[in-house]
Amino acid sequence: MTAHYQVHGDVAVITLDNPPMNGLGLSTRQGIVAGLGQAQEDPAVRAVVITGKGKAFSSGADIKEFGTDRAIQDPNLLSVILALEHSSKPVVAAVHSICMGGGLELALGCHYRVVAPGCSVALPEVKLGLIPGAGGTQRLPRVIGVETALNMIATGEPVKSELLASLPGQKLFDKLAASAETLMDEALALARDAAAKQAAGSALPLVRNLPCKHPQGDAYFQFARNMVKGMAKNYPAPVKCVDAVEAATKKKFDEGMAYEREVFTNLMFTPECRALRHLFVAERAASKIPDVPEDTPKREIKKMAVIGAGTMGGGISMNFLNAGIPVVILETKQEALDRGVATIRKNYESQVKKGKLKPEKYEERMALLTTTLDYKDLGDADMVIEAVFEDMGVKEAVFKQLDAVMKPGAILASNTSTLDVDAIASFTSRPQDVIGTHFFSPANVMKLLEVVRGEKTAKDVLATVMALGKKIKKTCVVSGVCDGFIGNRMIEQYGRQGGFLLEEGCTPQQVDRAIEKFGFAMGPFRMGDLAGNDIGWAIRKRRYVEKPDMKYSKTADLLCEMGRFGQKTGAGWYDYVPGKRDAIPNAQVVEMIEKHRAAMGIQPRKISDEEIVQRLVFSLVNEAAHILEEGIASRASDIDMVYLTGYGFPIWRGGPMHYADQVGLFNVCEAMKRFAQNPLDDAKFWQPAPLLQRLVAEGKTFTG
Ligand code: NAI
């Protein structure tokens, strides 16, 4: 059992011991109930203290049990809390560090609560598309008031224990301990005090017995509901938080509990909740690499070097400066360095102006930045990231110089988006130290980092870069070496479908609108305008030579021939007004598409939004299935993480793979076969990938 029982004089102490966060898994729940039982039977015990070992009181549900029977097996959390309430001897929760979700609900079932300062307290279930399901919505308003409780429940955000303990009239914490060190002694003292009070005839206090009222109930809940609705657009759970807290003010406690349970159970089966739970698990899985154990020793990274102070080099450097790691940037010319540093300053200054960065922090960060034109100045860096022009010749020259000057054991990374990392590694005498770090633009903002594992990349190099990525707050996903890695290799197929849709009868606006309605942050044409249509053009020119059989729509090339490269030229698929990002439809673009159609002898047809969305999303899915089968990605959920954090795929749909699973892989395959019949599309591409076919045959899913 992962909860231990120990008697300290006349007080029994139950200690949750389920590392790392004392998740309330089955064996922990069994331990609590067993301990409580022992305490009831031992005449020498007068009171009970319940606490958590290590880094948390409890973070709530045990994620290892997510979606398994163990999560609901008896004693479930509700019955554990009931057992606490029914204890004939006072139970004191000694709360510290982290008290979240089920952990807080457990504490609210105790008779008394003592908390250490600095403890993060939250009911974060809404972030998983749920409401608290073990009394949180009914008990929390009773101890900290309806409004504060609803704020916490509807946002899921943590609040510090000192703040909660200072709320006037609060009954959440009976005592704020002087420090974490004195917490246990203070809890034991409170337990003895409580036992004495009980002996003197006082009844044990229960949160369920406290009143729950709001003076302007109806008006307040109406207001709260409108607010939350406005913010929660695509998610049902936040509004349900309002309903459940309102029930606490209107229903008897047990009826409120039943209502909470019903809402919780219904939410559990919504697609949004499924997607958010998938994301939660996917996020944690992505940092694990099947053949690289978590305890792999890591190299120390105390100083970074960055080659190239352009768009990416500057943004990449900012990540490390933000994390307090010194950076030296190397360029070929002083002007380029000056320009790069000026851009970094401008970015920080705009953060300072918006109040997002304190001026002294800005100075601190800039003080960590140095520049150079001389490779010799890189000798003391522990890792270097190259972000020079996307040209193999230039990369070769840079990596040869790096090989000559970097100290032994330094990590040599390339930010290339399309070039072969193994070829880059071969320019050095130490391919085991070479890796790809594919940042997304703007590199100081975008969460995604594709970590590209070369054929010879050493395991400790990979482990070090993954840990470093976490330190700079990126979501790291490992990709094998292939053209475009995971994300861009898939987006190329999506872009190709966008082109075919134009040829067959759509306008850019119609395609963008359909996929944006589906939930993408931006449709393919607005995205092209943002990234620069010339980039895709350059890639296609290469493809025409490398893969002459691959079918492309010529519309994007014709657009580039018109000089319409996107936002940077003020004109792309749309027009742009300086300083604004609004995409304004352009008649010449529509005319260009119509002329092209006529030249190809295509009779335009009306295409439904459903077809647009399916062709775009399933093109991602089919390419992803190949990527998975080739071992470029280790798991389907990694691909979802790439799309959720780097490509604006709607979070509440869980990523392309999870979405395909929800649609049903059989249905996905059938749609692909239909698309293959379209003479204007690419029949070869639409053959369902072998992995997809196998999964359908075996009745399996990508992520299940
Ligand atoms: P950029 O053109 O903005 O910057 C490149 C910089 O490298 C320039 O300042 C240039 O002076 C410098 N440079 C060129 N040759 C050099 C050399 N031999 N030694 C030192 N510095 C040199 O290019 P950008 O967009 O920053 O791209 C850099 C790399 O990042 C490329 O490999 C690109 O494919 C990749 N990338 C770009 C993304 C983007 O959205 N721009 C996204 C992800 C990766």
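**Exercises on cysteines, backbone and ligand shell**

The count of disulfides, where a disulfide is a pair of cysteine sulfur atoms within 2.5 Å, comes to zero. The model is predicted, so that local features need pLDDT of at least 70 and side-chain atom pairs count only at pLDDT 80 or more, while totals for chains, interfaces and linings use all residues. Residues are numbered from 1 along each chain as its sequence is written, and side-chain values use heavy atoms, with hydrogens and water left out.

**Exercise 1.** Find which cysteine sulfur is nearest to that of Cys-212, and state whether Cys-212 is buried or exposed.

*Solution.* Begin with the distance: the nearest cysteine sulfur belongs to Cys-241 and is 15 Å away, and Cys-212 is in no disulfide. Then take the accessibility, for which buried means under 20% relative accessible area, exposed over 50% and partly exposed in between, with a 1.4 Å probe and protein chains only; Cys-212, at 5%, counts as buried.

**Exercise 2.** Explain why the sulfur of Cys-506 forms no bond with the closest cysteine sulfur.

*Solution.* The closest cysteine sulfur is in Cys-560, and because it lies 20 Å from the sulfur of Cys-506, it is too far for a bond. As a further step, Cys-506 has 1% relative accessibility and counts as buried.

**Exercise 3.** Characterise the backbone of the loop between strand E2 (11-16) and helix H1 (26-41), with helices (H or I, at least four residues) and strands (E, at least two) taken as DSSP runs numbered from the N terminus.

*Solution.* Pro-20 is found in this loop, and the peptide bond that joins Pro-19 to Pro-20 is cis, with omega about 5°. Asn-22 has its place in this loop as well; its phi is near 55°, a positive value in a residue other than glycine, and Asn-22 is buried, with a relative accessible area of 1%.

**Exercise 4.** Identify polar contacts of the ligand, and then state how much of the ligand's area the protein buries.

*Solution.* A polar contact is a pair of N or O atoms within 3.5 Å; within protein, one must be able to donate a hydrogen and the other to accept it, and residues adjacent in sequence count only if both atoms are side-chain atoms. An oxygen atom of the ligand is 2.7 Å from a polar backbone atom of Met-312. For side-chain N or O atoms, the distance to a ligand oxygen is 2.6 Å at Glu-331 and 2.9 Å at Asn-415. Taken alone, the ligand exposes 830 Å², of which the protein buries 78%, with areas from the Shrake-Rupley method and a 1.4 Å probe.
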